[in-house]
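Trainee: Could we go through this model together, with the criteria stated as we use them?

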Amino acid sequence: MGEMSGLQLGVMGALFLSVASSVSIVICNKALMSNLGFQFATTLTSWHLMVTYCSLHVALRLNFFENKPIDIKTVMMFGILNGVSIGLLNLSLGFNSIGFYQMTKLAIIPFTVLLETLFFKKQFSQKIKFSLSILLLGVGIASITDLQLNFVGTILSLLAIITTCIGQILTNTIQKRLNVSSTQLLYQSAPFQAAILFLTGPFVDQCLTKQNVFAYKYSPVVLGFIVLSCLIAVIVNFSTFLVIGKTSPVTYQVLGHLKTCLVLAFGYTLLHDPFTSRNILGILIAIVGMGMYSYFCTNDTKRKQLVDISTLPQIKERDTTPLVASHQDKESKGSYV
């Protein structure tokens, strides 16, 4: 029981850290991009990952965690895939309306469920599927305003959905199958993610903003916000791997939509963004869906634990039966002698 309560506290801590850091970085980046005019999101993300790697390298030198070697091909492909998915999401936002971009983010959950069901034989109960539907409906009402379709934007969105889902499923699978921690996986994959985004980021940002990141005039205030954003990103990246490793890709996406609702609320209270009754209704529906998802997941976990506990005596009996039989055989053989 003590181990289970400790595990639950660890999961709750990871979820809180992810939400707090993600909302903080969104507010910081919104001030950087909207108020200060620094529009280079993809390049900024590459800097985030570089600072994350450097921070983890210092932590490794200080013996805060132990490095565990992972197959270089696995790490390289994983890092490049995650870097590509970030670039595609940014391109999707650039080539689509905000409403269609939000639809792209909403589609990640059902597509993840589909992939895990088909390729990993994972079962999702009808109750969990229903709660996810309520959640997606609420977030859709709160965040989707317009749906303007175009061919290039649709293709980019589909590629972004596929790469994001596969990347998050692999984040969970690699940690569990190779028995590595979130910190170890992030430390080894961050350089590849940073490299692919550093090479493609300026090109992607120039396509989206028609500006050159290297020609931008960096004021002390902008530099200060960039440094703050990079420091928060260390916690964001760490908590992302931590949450996916301790829970699942679907739970991480549910958490992401909670962040969306919180960002809408904070945007209204702190940045005075427009807020309508539709936003309020959508957020309330989304919160109901999140509550249902959490409740059903908890019940399913408890049910599985009870099943596992009930099968333990049977397993023990099966294990001890051969020993008893062999002992009797020995006695019988001894009597013949």
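Trainee: Leaving aside its neighbours within four places in sequence, which residues is L135 in contact with?

Mentor: This is a predicted model, in which local features need pLDDT of at least 70 and side-chain atom pairs count only at pLDDT 80 or more, while totals for chains, interfaces and linings use all residues. Residues are numbered from 1 along each chain as its sequence is written, and side-chain values use heavy atoms, with hydrogens and water left out. Taking contact as heavy atoms within 4.5 Å, and setting aside neighbours within four places in sequence, the partners of L135 are I109, V254, H257, A286, G289 and M290.

Trainee: Which helix supplies the largest share of the largest nonpolar core?

Mentor: Such a core is a set of buried Ala, Val, Leu, Ile, Met, Phe, Trp, Tyr and Cys residues joined through side-chain atoms within 4.5 Å, where buried means under 20% relative accessible area (1.4 Å probe, protein chains only). It has 18 residues, of which L132, L135 and V254 touch the most other members. At least two residues each come from helix 4 (98-119), helix 5 (126-143), helix 9 (249-270) and helix 10 (277-336), helices being DSSP runs of H or I with at least four residues, numbered from the N terminus. The largest share, six residues, belongs to helix 5.

Trainee: How are helix 3 and helix 7 oriented to each other?

Mentor: The axes, lines fitted to C-alpha atoms over the stretch in contact, with angles running from 0 to 180 degrees between N-to-C directions, come within 8 Å and cross at roughly 30° for helix 3 (residues 72-95) and helix 7 (residues 182-209). Because angles under 35 degrees count as roughly parallel, helix 3 and helix 7 are roughly parallel.

Notes
Parallel < 35°, antiparallel > 145°, perpendicular 65-115°, else oblique. Buried < 20%, exposed > 50% of the residue type's maximum accessible area, 1.4 Å probe, protein only.
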